Amino acid sequence: MSGANITELLVAIGRGEKVALEQLYRVQAPALLGVLLRLTQNRAQAEDLLQEGFVRLWHKAELFDPGQGSAEAWLFSLFRHLALDQLRQQGRRRALLQQVIEPEPEEEMALPSQHPRLQHCLAQLSGESRQALELCYRHGLTHEEVSSHLRTPLGTVKSWLRRGLERLKTCLCR
């Protein structure tokens, strides 16, 4: 597809024309997926980013200005930046996960003295619930990341979290 056609489609998408989005997807999705695959080295992640990128494109297409540069460069830049942002975020999460796996001794010492009631209630929980809650709420991991870290099915992790929060609430409200 020529750059002029991509330009026309982006302008039409900016006006809210869904047919133009469908046409652009049919024509550009394979090439965009290839770029995302090269960046992420993960097909499932690349496919998720492709979908997210087209949703973002739908909301940002009106920002495209044909006078500022090529439509194809703008399009590929949008998807490339989306992938790079996610990869950066994963890098930060990996670093955080390393801190969780190897906590600093002073961190472990500080928390109980700061929140004795919370520590008492956490000690009442099963090991799985306590570990999942700490990974999620103390260290900011997502449910999926907790599942991956603990090598436990996502549904099981969510059950541990729900039961743990219920028990914490009961304990803290006494």
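Glutamate 17 counts as partly exposed because its relative accessibility is 35%. Three words describe cover here: buried means under 20% relative accessible area, exposed means over 50%, and partly exposed lies in between, with a 1.4 Å probe and protein chains only. Glutamate 17 sits in the loop between H1 and H2. Leaving out residues up to four places away in sequence, glutamate 17 touches Ala12 and Trp58. Touching, or contact, means heavy atoms within 4.5 Å. Glutamate 17 and tryptophan 58 are 41 residues apart in sequence, yet 9.3 Å apart in space, C-alpha to C-alpha.

The model is predicted: local features need pLDDT of at least 70, side-chain atom pairs count only at pLDDT 80 or more, and totals for chains, interfaces and linings use all residues. Residues are numbered from 1 along each chain as its sequence is written, and side-chain values use heavy atoms, with hydrogens and water left out.

**The whole chain**

The protein chain has nine helices and zero strands. Helices (H or I, at least four residues) and strands (E, at least two) are DSSP runs, numbered from the N terminus. Along the sequence, the pattern reads α-α-α-α-α-α-α-α-α. Of the 174 residues, 32% count as buried. Take contacts between residues at least 6 apart in sequence: 62% of them join residues at least 24 apart. The chain exposes about 10800 Å², and carbon and sulfur atoms supply 52% of that area. Accessible areas come from the Shrake-Rupley method with a 1.4 Å probe; for residues, only the protein chains shown count as cover.

**Helix H2**

Helix H2 covers residues 18-40. A straight helix of 23 residues would span 33 Å at 1.5 Å a residue, but H2 spans only 28 Å between its end C-alpha atoms. The expected span is 1.5 Å times one less than the number of residues. Where does H2 bend? The bend is at glutamine 28, by about 55°, and proline 30 follows within four residues. A bend is the angle between axes fitted to the seven residues ending at a residue and the seven starting there.

Buried residues of H2 include Leu24, Gln28, Ala29 and Leu33. Leucine 33 counts as buried because its relative accessibility is 12%. Beyond four places in sequence, leucine 33 touches Arg43, Ala46, Glu47 and Leu50. Leucine 33 and phenylalanine 79 are 46 residues apart in sequence and 9.2 Å apart in space, C-alpha to C-alpha.

**Two cores**

A nonpolar core is a set of buried Ala, Val, Leu, Ile, Met, Phe, Trp, Tyr and Cys residues joined through side-chain atoms within 4.5 Å. The largest has 27 residues; Leu24, Leu50, Phe54, Leu57 and Phe79 have the most contacts inside it. Helices H1 (3-14), H2 (18-40), H3 (43-60) and H4 (71-101) each supply at least two residues of this core. The largest share, eight residues, comes from H2. Leucine 24 is in contact with Ile6, Leu9, Leu10, Ile13, Ala29, Phe54, Leu57 and Leu75, leaving aside neighbours within four places in sequence. Apart from this core lies another, of 15 residues, among them Leu135, Leu141, Leu150 and Cys171.

**One disulfide**

A disulfide is a covalent bond between the sulfur atoms of two cysteines. Here it is counted as a pair of cysteine sulfur atoms within 2.5 Å. By this rule the count comes to one. Cysteine 121 is joined to cysteine 171, with S to S at 2.1 Å. The pair links distant parts of the chain: cysteine 121 lies in helix H6 (residues 116-123) and cysteine 171 in helix H9 (residues 154-172), 50 residues apart. The link is left-handed, with -80° about the S-S bond. Both cysteine 121 and cysteine 171 are buried.

**Loop residues**

Two loop residues other than glycine have a positive phi.

| Residue | Loop | Phi | Relative accessibility |
|---|---|---|---|
| Glutamine 41 | between H2 and H3 | near 60° | 65%, exposed |
| Arginine 151 | between H8 and H9 | near 55° | 78%, exposed |

Glutamine 41 comes just after H2. Threonine 152 is in the loop between helix H8 (143-150) and H9. Is threonine 152 buried or exposed? Threonine 152 counts as buried, because its relative accessibility is 14%. Leaving aside neighbours within four places in sequence, threonine 152 is in contact with Ser147, Val157 and Trp160.
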